[in-house]
Amino acid sequence: MSKVQQDRLSYAVLQHLHDLIEKKVVTGEAAESMAVANQCLKEALGVDITDPVQTARLKVDKPLQTLFDEVFPAPPPPKVATKDEENKANGLKDEGNELMKQNKYEEAVEKYTEAIEVFPFATYYCNRAAAYSKLNRHDLAVTDAKDALKLDPEYSKAFARMGFAYLSLNKLKEAEDCYLNALRLDPNNQSYKDNLDAVREKVSAGPLNPQSGGAGGLPGMPNMGGMDFSQILNNPAFMNMAQQFMQDPNMQQAFQQMADQFLAAGGMPGMPGMGGAAEGGAAGGLPENFDINAMMSNPALRQMAESFEAQNPDMMDQLRRQFRPPGSEDPEAP
């Protein structure tokens, strides 16, 4: 940049600051401080907007604000939905919520997408993020949560959705930041508090080797968030109850069905003899297609779980928290 061009830019900046004071865009102490700053800049830059010789030589044709607005125009005001658009979009969103309850996540994504195409409310992006997470498409869930926050920066549930997605992607620092933001906006939300605790527990546990199971784990067992499975298997009450149940033909059939479903889903990654990592499955976790809800709906397994909980409520609570994904609550339906 030549000296003349540099001086012209300095003149435009000084003129802009002067205009802010003259037009009372800034007033009071702020105006006084700006006047002092303008005087200091005048002396430092050697440019004086009150000097007619310098004005004739340096003044540009347009004010600095006008030049800025031409290069960086202000975004248009946000569009307001008509009543018909709002009703149609809400209807599609409600259909998506119903599909979520039926575990039809792909169809729910389609309905939320249709709702967004009618009118892009933040809620629709947030609900679609929940559907994407159910489908293990957590990168898309992060994108949708971010889009929801662009429309509503104070949307606590969008931060929670993004926190769950980051947690599922093993990006624990990002997950923690998201849940902190969710709690900043909704400090009394117990779910957010529990999820933040779950993230911090995983951070404290540190990275575990899927082949070794980590401290307190079982050889060959994957990383299950730092849970000490040896504590469960060494529990006399649990082992005694398990032996009794395994003598029951119904329980034997239940475990056979569970094993068949497990292998059909791709086995457990990192666990010898269980089929290795399924394509698209999560390393160090349950196979992507494994339906734990269907497994636990088996009456025999449910009876075993209820008996164990009656004798060991604290350990059962640990198991329940381990297998409940943080942020997995159903999408809201305002």
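**Close-up views of side-chain pairs in a predicted model**

**View 1. Asp177 and Lys173 are joined by a salt bridge, with 2.9 Å between the closest N and O atoms.** The model shown here and in the following views is predicted. Both residues belong to helix 10, which covers residues 172–185. Asp177 and Lys173 are four residues apart in this helix, so about one helical turn separates them. Lys173 is exposed, its relative accessible area being 52%. Asp177 is partly exposed, with a value of 30%. The cut-off for exposed is over 50%, which is why Lys173 at 52% is given that label.

**View 2. Lys3 and Asp7 meet through their side chains in a salt bridge of 2.8 Å, N to O.** The two residues lie in helix 1 (residues 3–22). Their spacing is four residues, so Lys3 and Asp7 stand about one helical turn apart. How accessible is Lys3? Lys3 is exposed, with a relative accessible area of 53%. Asp7, in contrast, counts as buried at 8% relative accessibility. This salt bridge therefore joins an exposed lysine to a buried aspartate.

**View 3. A salt bridge of 3.1 Å, N to O, brings together the side chains of Glu95 and Lys111.** This pair links distant parts of the chain, the two residues being 16 residues apart. Glu95 is located in helix 5 (residues 83–101), and Lys111 in helix 6 (residues 105–118). Glu95 is partly exposed, with a relative accessible area of 38%. Lys111 also counts as partly exposed, at 21% relative accessibility. Buried means under 20%, so Lys111 at 21% does not fall in that class. In total, the count of salt bridges comes to eleven, including the bridge between Glu95 and Lys111.

**View 4. The side chains of Asp144 and Arg128 are joined by a polar contact of 2.6 Å.** Asp144 is part of helix 8, which spans residues 138–151. Is Asp144 buried or exposed? Asp144 is buried, with a relative accessible area of 3%. Which residues does Asp144 touch, leaving aside its neighbours within four places in sequence? Asp144 is in contact with Tyr125, Arg128, Ala129 and Tyr132. Arg128 thus appears both in this list and as the partner in the polar contact.

**View 5. Phe68 and Phe72 form one of the three aromatic pairs found in a search of the whole structure.** The ring centres of Phe68 and Phe72 are 5.2 Å apart, and their planes meet at 45 degrees, so the pair is described as tilted. Phe68 is partly exposed, with a relative accessible area of 46%. Phe72 is exposed, with a relative accessible area of 52%.

**View 6. Phe119 and Phe121 form a tilted aromatic pair.** The distance is 4.9 Å centre to centre, with 50 degrees between the planes. Phe119 is buried, its relative accessible area being 8%. Phe121 is partly exposed, with a value of 28%. Which residues form one aromatic cluster? Phe119, Phe121 and Tyr124 do so. The cluster thus includes the buried Phe119 and the partly exposed Phe121.

Methods. Residues numbered from 1 in each chain as written. Predicted model: local features only at pLDDT ≥ 70, side-chain atom pairs only at ≥ 80, totals over all residues. Heavy atoms only, no water. Phe/Tyr/Trp six-rings, centres within 6.5 Å; stacked < 30°, edge-to-face > 60°. Buried < 20%, exposed > 50% of the residue type's maximum accessible area, 1.4 Å probe, protein only. Polar contact = N/O pair within 3.5 Å; in protein donor to acceptor, adjacent residues only side chain to side chain. Contact = heavy atoms within 4.5 Å. Salt bridge = Lys/Arg side-chain N within 4 Å of Asp/Glu carboxyl O.
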